[in-house]
Amino acid sequence: MAKTAIAYKEKMKEISVLSLLCSCLYPEARKNLVGEFQAGMEVKPINKRASGQAFEVILKPPSPMSDAAHSVTSPPKREVSLEDIQKKLEAAEDRRRSQEAQVLRALAEKREHERDVLLKAMEENSNFSKMAEEKLTMKMEQIKENRQAYLASIMERLQEKERHAQVVRRNKELREELTA
């Protein structure tokens with residue numbers, strides 16, 4: 001078990017392909033890298049299991065000395081001048097105005113669309129009203145014509161009956177005169 005722990009420790013020394021390549025090209029870098037990994041970790045074997053072996057890798061907290069070696073320095077801050085601040089404020093104001101104008105354009109387009117829709121609805125409504133009125137007028141005219149035709153036919157029949165009645169009366173008078 002101790003042999004496998006040592007083998008695992010050796011594997012951890014060769015963490016990446018990059019470190020392997022570096023060790024081939026720069027042997028002194030490998031010695032420094034191995035020293036860092038050995039100092040920063042501890043490998044403990046755990047009881048053997050049915051599925052294989054288990055290891056516990058304990059990483060030690062970095063020491064204050066290693067912080068200095070690995071610290072990343074931030075880039076130096078640029079001094080901000082009054083002109084830069086003015087330019088940034090003007091750019092922000094321009095962006096704000098542009099955004100307001102864009103919102104106003106969108107609202108104007110929306111109002112225009114609503115107005116168009118309302119006008120179209122009113123036009124369709126008036127067209128419908130006109131069509132309904134025309135239909136009603138035509139229907140009323142047709143009814144009036146039909147009524148006049150019906151009344152004319154009734155009058156014609158009535159006149160026909162009246163003529164027939166006169167003929168019958170005349171014939172009756174002629175018979176009475178002939179028989180008398």
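Q: How much area does the protein expose, and what share of it do carbon and sulfur atoms supply?
A: This is a predicted model, in which local features need pLDDT of at least 70, side-chain atom pairs count only at pLDDT 80 or more, and totals for chains, interfaces and linings use all residues. Residues are numbered from 1 along each chain as its sequence is written, and side-chain values use heavy atoms, with hydrogens and water left out. Accessible areas come from the Shrake-Rupley method with a 1.4 Å probe, and for residues only the protein chains shown count as cover. The protein exposes about 16,900 Å², and the share from carbon and sulfur atoms is 59%.

Q: What percentage of the residues in the protein is buried?
A: A residue is buried under 20% relative accessible area, exposed over 50%, and partly exposed in between (1.4 Å probe, protein chains only). Of the 180 residues in the protein, the buried ones make up 4%.

Q: In which element is confidence highest, and in which is it lowest?
A: Confidence is given as pLDDT, the predictor's value for each residue, from 0 to 100. The protein averages a pLDDT of 80, and 69% of the residues score at least 70. The highest mean, 96, belongs to α5, and the lowest, 50, to helix α2 (residues 17-25).

Q: In what order do the elements of the protein run from the N terminus?
A: Helices (H or I, at least four residues) and strands (E, at least two) are DSSP runs, numbered from the N terminus. The protein has 5 helices and 2 strands. Their order is α-α-α-β-β-α-α.

Q: How far apart are the end C-alpha atoms of residues 82-116?
A: An unreviewed UniProt entry annotates residues 82-116 as "coiled-coil region". UniProt positions are given in the numbering used here, feature names are shortened, and annotations may be inferred rather than shown by experiment. In the model, this stretch is 100% helix and 0% strand, and its end C-alpha atoms are separated by 50 Å.

Q: Which residues make the nonpolar surface patch of about 280 Å²?
A: Patches are made of residues with over 30% relative accessible area and no salt bridge; like charges are joined within 9 Å, and nonpolar side chains (Val, Leu, Ile, Met, Phe, Trp, Tyr) within 5 Å. One member of the patch, Ile85, lies in helix α5 (residues 82-179) and is partly exposed at 39% relative accessibility. The patch consists of Val80, Ile85 and Leu89.

Q: What is the N to O distance in the salt bridge between Glu100 and Arg96?
A: A salt bridge is a side-chain nitrogen of Lys or Arg within 4 Å of a carboxyl oxygen of Asp or Glu. Glu100 and Arg96 both lie in helix α5, 4 residues apart, about one turn of the helix. Glu100 is partly exposed at 41% relative accessible area, and Arg96 is partly exposed at 37%. The N to O distance in their salt bridge is 2.4 Å.

Q: Which residue meets Glu160 in a salt bridge of 3.6 Å?
A: Glu160 is partly exposed, with a relative accessible area of 45%. Its partner is 3 residues away in helix α5, a separation of about one helical turn. The residue that meets Glu160 at 3.6 Å, N to O, is Arg163.

Q: How far apart in space are Ile58 and Lys44, C-alpha to C-alpha?
A: Ile58 lies in strand β2 (residues 52-59) and is partly exposed, at 28% relative accessible area. In sequence, Ile58 and Lys44 are 14 residues apart, whereas in space their C-alpha separation is 7.9 Å.
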